[in-house]
Amino acid sequence: MYQNYKNARDKAWETLVECGISQLPVNLAYIANYYNISVIKYSQSNNKTLTGDGFSTMTNGQLIIYYNDFVYPITRQRFTIVHELGHCLLGHVKENIKTFRYNSETDKYNDVKEIQANVFARDILMPATVLHSLSVNSAEDISKICNVSKQSAEIRYKRLVELNKRGMYNKHPLERCVHNQFKDYIEKECKLRNSSHSGRE
């Protein structure tokens, strides 16, 4: 099980590095374009019966992500898109077979591919090494910085607290590459945060 987790985590770091992502919130359209993955809103689809958060599929070798832009806020749409990017980049999507973002809470927590896609999404949207260097101290901070839902931010913040206790940052070469890529952004944001704090004193 840990190997599955590790593969998804490493793929997220690799993706951030390959795409040259260097600031938050992460530009998901850029990642999709980099890997030639089409991203289509339900409202742009000719199929008017689409339901759920979204899904990914492959047609004639072309990876395609569809996502629900009708009923969900932008933060949830972003998570769905990057979750499906995870399915695509982890090799879960096969020709003419739809890979849905979980159909039930059971799928969400028990299906290996769903767990991997969620880990990938988390580590793309909210890279721990960057958030640690920004000294985030609340889920609200994460939500604003990363343009993610409060729920996702709270889960991430709990994980950051654990990582802080264990000092588990920048141990892996890929994570160090991610940190180095965000270095200018981190320095700029830290200066802004410090100046805003001193301005309120």
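Tyr35 is partly exposed, at a relative accessible area of 22%. It's a handy way into this predicted model, since Tyr35 pairs up with the ring right beside it in sequence, Tyr34. Overall the chain averages a pLDDT of 91, and 92% of the residues score at least 70. Here's the rundown by topic.

**Confidence**

- Helix 2 (residues 28-34) is where confidence is highest in the chain, at a mean of 98.
- The low end is helix 4 (residues 105-110), with a mean of just 46.
- Where pLDDT is low, predicted coordinates shouldn't be read in detail.

**Aromatic rings**

- A pair of rings is described by two things, the distance of the centres and the angle of the planes.
- The structure holds four aromatic pairs. One of them is Tyr2 with Tyr5, a stacked pair at 6.0 Å centre to centre with 25° between the planes.
- Tyr2 and Tyr5 are about one helical turn apart, because they sit three residues from each other in helix 1 (residues 2-18). Tyr2 itself counts as exposed, at 54% relative accessibility.
- Tyr34 and Tyr35 go edge-to-face instead: 4.9 Å between centres and 75° between the planes. Tyr34 is partly exposed, with a relative accessible area of 43%.
- There's also a charge over a ring: the charged end of Arg76 sits over Tyr72, 4.2 Å from the ring centre.

**Cysteines**

- A disulfide is a covalent bond between two cysteine sulfurs, and this structure has zero of them.
- Why no bond for Cys146? Its closest cysteine sulfur is in Cys190, 14 Å away, and that's too far.
- Seen from the other side, Cys190 has Cys146 as its closest cysteine partner, again at 14 Å and too far for a bond.
- Cys146 is buried, with a relative accessible area of 0%.

**Nonpolar cores**

- In soluble globular proteins, nonpolar side chains tend to be buried together.
- The largest nonpolar core here has 45 residues, and Leu24, Leu85, Ile124 and Ile142 touch the most other members. Helix 3 (residues 74-89) supplies the largest share of this core, six residues.
- Setting aside residues up to four places away in sequence, Leu24 touches a string of partners, among them Leu125, Ile145, Cys146, Phe182 and Tyr185.
- There's a second, separate core of five residues, which includes Tyr42, Leu50, Phe55 and Tyr66.

**Backbone oddities**

- Most residues other than glycine have a negative phi, and most peptide bonds are trans.
- The bond from Leu24 to Pro25 is cis, with omega near -5°. Pro25 lies in the loop between helix 1 and helix 2.
- Ser135 has a positive phi, near 55°, despite not being a glycine. You'll find Ser135 in the loop between helix 6 (128-133) and helix 7 (139-146).
- Asn147, also not a glycine, has a positive phi of about 55°. Asn147 is in the loop between helix 7 and helix 8 (150-166), and counts as partly exposed at 27% relative accessibility.

**Around Thr75**

- Thr75 is found in helix 3.
- Is Thr75 buried or exposed? At 19% relative accessibility, Thr75 counts as buried, because the cut-off for buried is under 20%.
- Beyond its neighbours within four places in sequence, Thr75 is in contact with Asn147, Val148 and Ser149. That ties Thr75 to the positive-phi residue Asn147 described above.

Notes:
Residues numbered from 1 in each chain as written. Predicted model: local features only at pLDDT ≥ 70, side-chain atom pairs only at ≥ 80, totals over all residues. Heavy atoms only, no water. Phe/Tyr/Trp six-rings, centres within 6.5 Å; stacked < 30°, edge-to-face > 60°. Helix = DSSP H or I, 4+ residues; strand = E, 2+ residues; numbered from the N terminus. Buried < 20%, exposed > 50% of the residue type's maximum accessible area, 1.4 Å probe, protein only. Lys NZ or Arg CZ within 6 Å of the ring centre and 35° of its normal. Disulfide = S-S within 2.5 Å. Core = buried A, V, L, I, M, F, W, Y, C linked by side-chain atoms within 4.5 Å. Contact = heavy atoms within 4.5 Å. pLDDT = per-residue confidence, 0-100.
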